[in-house]
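Thank you all for coming; I would like to take a few minutes to walk you through one structure, beginning with a pocket and then moving to the interior.

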Amino acid sequence: MTLAPAPALAQTPTKKEPVDCEQVKCIALTFDDGPGKYAGTLLDTLKKYDAKATFFLEGQYVKSRPSYVKRMATEGHELGNHSYSHPDFTKIEPGAIRSEIQKTQDAVKKAAGVEPKLLRPPYGMADLQVSDIAAEFGMPMILWTAGSQDWSSKNVEAIQKQTLAVAKPNSIILMHDWVKQTVDGMPSLIKTLKGKGYHLVTVSDVVKSQDLKPGDIYPVPEGWEK
């Protein structure tokens with residue numbers, strides 16, 4: 001008589017514990033201006049290496065590539081608002097700023113069923129008026145601690161070298177998913193970062209301890225006054 005094998009309890013899916021970035025080394029890779037045409041490949045890489053990212057989306061591209069946005073949300077990435085058509089918010093009227101933000105909120109909600117909770121103003125340009133409008137939408141503004149310079153170099157090795165040079169615990173790194181070389185170099189970059197002990201997490205994971213309020217800006221730019 002043969003006994004039936006015991007049920008494999010290990011196969012029961014378990015919800016992963018959230019990462020505590022005060023206890024472990026975290027880094028947030030952020031991708032602006034998308035979803036770009038290489039976003040699918042990037043999402044494949046992030047999934048393969050169990051890495052999370054934050055996508056600051058432009059509404060015009062959300063509208064043209066909604067399936068990528070839905071997949072980003074489904075696979076646990078964070079979606080942020082990066083305006084509809086990328087104007088400098090400090091040079092347009094308040095009504096136009098509100099329209100840029102709202103149209104993108106609506107586009108993301110339609111594509112993915114969620115609304116962004118974070119705003120990254122185009123070019124990282126903000127002033128007190130932009131801060132007040134962000135507060136109306138209940139959103140803090142997220143800039144970056146350092147950039148990959150990917151839009152400038154468009155070179156895989158240069159992007160990797162620059163990113164690793166500025167990688168520090170709780171860094172927020174600016175990248176772009178429309179830069180093919182960024183996406184091409186991502187598997188190696190993620191492996192290297194993980195090898196250095198980093199957890200690749202969302203911006204909200206990194207800034208959790210900052211207790212940001214709507215209209216706040218982080219990291220605070222030099223010379224910024226509340």
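**The second largest pocket**

Lining the second largest pocket are V62, K63, P66, Y84, K103, D106, A107, K110 and A111, where a pocket is, on a 1 Å grid over the protein atoms alone, an open set of points where a 1.4 Å probe fits, with protein on both sides within 12 Å along at least five of seven lines, and lining residues have an atom within 4 Å of a point. Helix α4 contributes the most to this lining, with five residues.

I should say early that this is a predicted model, in which local features need pLDDT of at least 70 and side-chain atom pairs count only at pLDDT 80 or more, while totals for chains, interfaces and linings use all residues. Residues are numbered from 1 along each chain as its sequence is written, and side-chain values use heavy atoms, with hydrogens and water left out.

The mean pLDDT (the predictor's confidence in each residue, from 0 to 100) is 92, and 91% of residues reach 70 or more.

Turning to the interior, the largest nonpolar core, meaning buried Ala, Val, Leu, Ile, Met, Phe, Trp, Tyr and Cys residues joined through side-chain atoms within 4.5 Å, with buried being under 20% relative accessible area using a 1.4 Å probe on protein chains only, has 34 residues, and among those touching the most other members are F31, L46 and F55. Helix α8 (180–195) gives the most to this core, with five residues. Leaving aside residues up to four places away in sequence, L46 touches A51, A53, F55, H77 and I190, contact meaning heavy atoms within 4.5 Å.

Definitions and conventions. Buried < 20%, exposed > 50% of the residue type's maximum accessible area, 1.4 Å probe, protein only. Helix = DSSP H or I, 4+ residues; strand = E, 2+ residues; numbered from the N terminus.
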